[in-house]
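Student: I have a structure open and want to work through it with you. Where shall we begin?

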Amino acid sequence: MIAFVPKPPTLSLNIPILSDFLSFYNLSQLHPFTTSANSQPPDAASLATRILSSTNLSTILHSPTIQWTPDLVNRTLKSLWNHGPKAVQFFNTLLYNPNFTPHTSSFDHAIDIATRLKDYRTTWSLVARMRSLQVGPTHKTFAIITERYVSSGKADRAVKVFLSMHEHGCSQDLNSFNTLLDVLCKAKRVEKAYDLFKLFRGKFKADIVSYNIIANGWCLVKRTNMALEVLEKMIKSGLSPNLKTYNIILNGYFKSGQIKEAWEFFLEMKRRKCEIDVFTYTTLVHGFGVSGEVARARKVFSEMVKNGVLPSVPTYNALIQVLCKKDSVENAILVFDEMVRKGYVPNTITYNLVIRGLCHVGEMGRAMALFERMKLDGSDPNVQTYNVMIRYFCDSGEIEKGLDIFEQMSKSGCLPNLDTYNVLISSMFVRKKSEELLVAGRLLIEMVDRGFVPRKFTFNQVLNGLLLTGNQEFAKRILRLQSTSGHVPRRIKM
């Protein structure tokens, strides 16, 4: 067994009680950056700290001691990613600095943030500014905008943006067409993508990438018959399916639960002398495993090596995921040991799978030990890693430990997402303690400050909790915040 298994470690918590967390987490210090602002030259993290605390951005941005190179601007925008409104304000203010020469990549970062915030007026103002400065917009710029529109449920608007690209000085081409199809398909708007494909495939001379995108889209929504129809149209158009095409169809059968058809399709691939690759075998391992046929998944894993195809880290990940979900986490750990012993380097996904598996069976100590080992091994935990640890600690009633993980997350520079805040805020209401409800309120304020839009239920939950525990003044602040976030505030007698 590996080193993290035998003995659960003793956690060294920096904030053992909630009163300490309240002190650490005061309203004037909601931001995780701690780098000194006096370091020369300033780094992106320290600049982000100064920008977040500043009431006059021009003083910082026009400082003669700071050379705003494209790289520094981009890194600063990334540091401000979860403080969206401030990031947009920073970039708009910087544009008025006569010594700053904007770069296309910086505009793209700012546009991505603005569109994520659904601040479309700023988005198109930046696009117009790009054009006036002759630094864009480019195909990448429009790919960012269309993806954000689709992800926010505005697929029709995304299509209009694509069709109007030329009006902004950027003509449509096959790559931009394929990008739009891909964005729509991944958002499961496959019918719209297919309609566009049929309408414009002649104009843009659809290639095998175009056909593969549409086939994969149909597979994502479990309509393998339509994917096969696309395959047939591809052949009729004079294009030859490649291995990726066949892998897409194979994966589609598994996603649809058509296990028998998937195996027959694989055998047909072999009969046609297709060059079976590691992705094909990984698809088989995952497909059989998820359907509950763990023994068959293991058999395929063993046979691929005999057939001269070495497993990749994603192949091991597929098997580990299957074992965690359908077998046992202990067997998954044995596979983890094996891959390390054979010289493979587990990635963040590998660690996340085993950590989640350990958490699911209540082995929080071992999960925490693997979490620490992950950092020592050079695999930085991502937001999914932290969210799993926070969720399971909070669900098991160990809220202080969940908050400790959240503090570590902030100090590491890993940005929380909407799920992080929702889990933490909900957990603050389990014991209904006054100090915990104060934390919920402060998390809600930070959440909005970082550009997230809480649900109306979340606002009302926090408001009710603060009122019931006598925190009327803080409740008034939340009420004002609710009105500025697009929600109609409640009428409450304080």
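**Loops, helices and salt bridges**

Tutor: Start in a loop: the one between α12 (208-220) and α13 (224-236) holds Lys222. Keep in mind that this is a predicted model.

Student: What sign does the phi of Lys222 have, and about what value?

Tutor: Lys222 is not a glycine. Its phi is nonetheless positive, at about 65°.

Student: Is Lys222 buried or exposed?

Tutor: Exposed means over 50% relative accessible area. Lys222 has 56% relative accessibility, so it counts as exposed.

Student: Where is Lys188, and what is its phi?

Tutor: Lys188 sits in the loop between α10 and α11 (190-200). Lys188 is exposed, with a relative accessible area of 54%. It is not a glycine, yet its phi is positive, at about 65°.

Student: How many helices and how many strands does the protein chain have?

Tutor: The protein chain has 494 residues, and 50% of them are buried. Its secondary structure comes to 27 helices and zero strands.

Student: Which helix gives the largest share of the largest nonpolar core?

Tutor: That core has 153 residues. Those with the most contacts inside it include Trp68, Phe90 and Ile478. The largest share, nine residues, comes from helix α25 (residues 434-449).

Student: Which residues does Phe90 touch, leaving out those up to four places away in sequence?

Tutor: Phe90 is among the residues with the most contacts inside the core. Its partners are Ile51, Leu57, Leu61, Trp68, Val73, Thr76, Leu77 and Leu80.

Student: What does helix α8 reach from its first C-alpha to its last?

Tutor: Helix α8 covers residues 139-151, which is 13 residues. At 1.5 Å a residue, 18 Å is expected. The helix comes close to that, reaching 18 Å.

Student: What covers the buried residues of α8?

Tutor: The buried residues of α8 are Thr141, Phe142, Ile144, Ile145, Thr146, Tyr149 and Val150. Their cover includes α6 (104-116), α7 (120-132), α9 (155-163) and α10 (174-186).

Student: Where is the cis peptide bond that involves Pro137?

Tutor: Pro137 lies in the loop between α7 and α8. Omega is about 0° for the bond, which joins Gly136 and Pro137.

Student: What is the nearest side chain of opposite charge to Asp108, and how far away is it?

Tutor: Asp108 lies in helix α6. It is buried and has no salt bridge. A salt bridge needs nitrogen and oxygen within 4 Å. The nearest side chain of opposite charge is Lys140, at 4.9 Å.

Student: Which residues of α6 and α8 meet in a salt bridge?

Tutor: The N to O distance is 2.7 Å. One partner lies in α8 and the other in α6, so the pair ties together parts that are 36 residues apart in sequence. Asp112 is buried at 18% relative accessible area, while Arg148 is partly exposed at 22%. The pair is Arg148 and Asp112.

Student: Which residue forms a salt bridge with Arg366?

Tutor: The closest N and O atoms are 2.9 Å apart. Arg366 is buried, with a relative accessible area of 6%. Its partner counts as partly exposed at 31% relative accessibility. That partner is Glu330.

Student: Which residues are linked in a network of salt bridges?

Tutor: Glu268 and Arg272 meet in a salt bridge at 2.9 Å, N to O. Glu268 counts as partly exposed at 29%, and Arg272 as exposed at 54%. The network links Glu268, Arg271 and Arg272.

Note on methods:
Residues are numbered from 1 along each chain as its sequence is written. This is a predicted model: local features need pLDDT of at least 70, side-chain atom pairs count only at pLDDT 80 or more; totals for chains, interfaces and linings use all residues. Side-chain values use heavy atoms; hydrogens and water are left out. Helices (H or I, at least four residues) and strands (E, at least two) are DSSP runs, numbered from the N terminus. The expected span of a helix is 1.5 Å times one less than its number of residues. Buried means under 20% relative accessible area, exposed over 50%, partly exposed in between (1.4 Å probe, protein chains only). Contact means heavy atoms within 4.5 Å. A nonpolar core is a set of buried Ala, Val, Leu, Ile, Met, Phe, Trp, Tyr and Cys residues joined through side-chain atoms within 4.5 Å. Lys and Arg count as positive and Asp and Glu as negative; His and the chain ends are not counted.
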